[in-house]
Amino acid sequence: MEIAVVGAGIAGLLTALHLSKNRYVSRVTVFEKRPPKLFPRKHCLGIISKNTLLNTPYALRFVENSYSSLNIVFSSGLEVELIFEKNAIYKIDRVQHERFLAETLAEKGVDIVFGTEVKAIVSEGNGHTIKAGNYTRAFDRVVVAEGYPPRLSSSLGLQAHAEFLEGVQQDIYMSRGLRDSEIDRLYVFFSADFFAWFAPVSRRRAVVGVAAYSGTIEKLALCKRFFEKRLGLDIVGGEGIYGGAVLRGYPVKPVVGGVLGVGDAVACVKSFS
């Protein structure tokens, strides 16, 4: 079979890698709307469980830090600390991981068509025709791994229950190095209408982020001051703000005919979110 994968995010790349190992699949083609110079984009924190790390191809190569505890603070004043086995949670460099996956796919003969947004998929009989600008081609099966919002997925009848929040975050730098007990811990703050996180990467570098329905930039500034005061930090600089959709939900109808939805397209997201 010849299979098309729409979207070259983590879901699309891992799906294409899986398919490239299937002897019944003769060809895999990945369509990505972004040009090569904008791929991959920096948008995700990259927090995963140890089990996910060990079951995600090549992820172990791009580990930046690991955590054994999670400190949760609620706006009401309640605090909860969850203590896990050593190195139960990991942070990986998602950009480098996705870049490596794309290079590995190219070596395996998988064609990634950049700068090509799939506008429609027409199903006729057992085939599915991809339409993207001047590009038109038939495939035996299609996997939709688009990001949020899932416009193509919805037009095809794929369904999910999804709650959407806008996520923004920033890499920050501190004058005082974090202690061992601080670098080994994730911090989360919950309020009525948003939640925020502080994820140490190294002794003097961390990621601060916010997920909210609105006003994320203002809330990010507030949360930077909150974590700075709580942990006794002195934030001396930060890189550009980045982010994307933070989804909470689950698939409802992930398959329609010979079309399968994966990842954000059908709210198939990490349980940690």
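**Exercise 1. How many residues stand between β14 and β15 in the hairpin that they form?**

Before you start: this is a predicted model, where local features need pLDDT of at least 70, side-chain atom pairs count only at pLDDT 80 or more, and totals for chains, interfaces and linings use all residues. Residues are numbered from 1 along each chain as its sequence is written, and side-chain values use heavy atoms, with hydrogens and water left out.

Solution.
- Step 1: find the strands. Strands (E, at least two residues) and helices (H or I, at least four) are DSSP runs, numbered from the N terminus. β14 covers residues 185–190, and β15 covers residues 194–202.
- Step 2: look at the pairing. Two strands pair if DSSP finds at least two bridges between them. β14 and β15 have four, in the antiparallel sense. In this pair, F190 sits opposite F195 of β15.
- Step 3: read off the link. The hairpin has three residues between β14 and β15.

**Exercise 2. Follow β15 onwards to β16 and describe how β15 is covered.**

Solution.
- Step 1: β16 spans residues 205–212, and eight bridges join β15 to it, antiparallel again.
- Step 2: W197 is the residue opposite G209 in β16. A hairpin of two linking residues connects β15 to β16.
- Step 3: now the cover. Buried means under 20% relative accessible area, exposed over 50%, and partly exposed in between (1.4 Å probe, protein chains only). In β15, eight of the nine residues are buried.

**Exercise 3. Find the cis peptide bonds before P40 and P149.**

Solution.
- Step 1: recall the background. Most peptide bonds are trans, and most residues other than glycine have a negative phi.
- Step 2: the bond from F39 to P40 is cis, with omega near -10°. P40 belongs to the loop between β2 (27–31) and β3 (47–49).
- Step 3: the bond from Y148 to P149 is cis too, with omega near 5°. Look for P149 in the loop between β12 (141–144) and α4 (151–156).

**Exercise 4. Is A267, a residue with positive phi, buried or exposed?**

Solution.
- Step 1: A267 is not a glycine, yet its phi is about 55°. A267 lies in the segment after β20 (259–261).
- Step 2: its relative accessibility is 1%, so A267 counts as buried.
- Step 3: try N87 as well, with a positive phi of about 55° although it is not a glycine. N87 is in the loop between β6 (79–83) and β7 (89–92). Its relative accessible area is 21%, so N87 is partly exposed.
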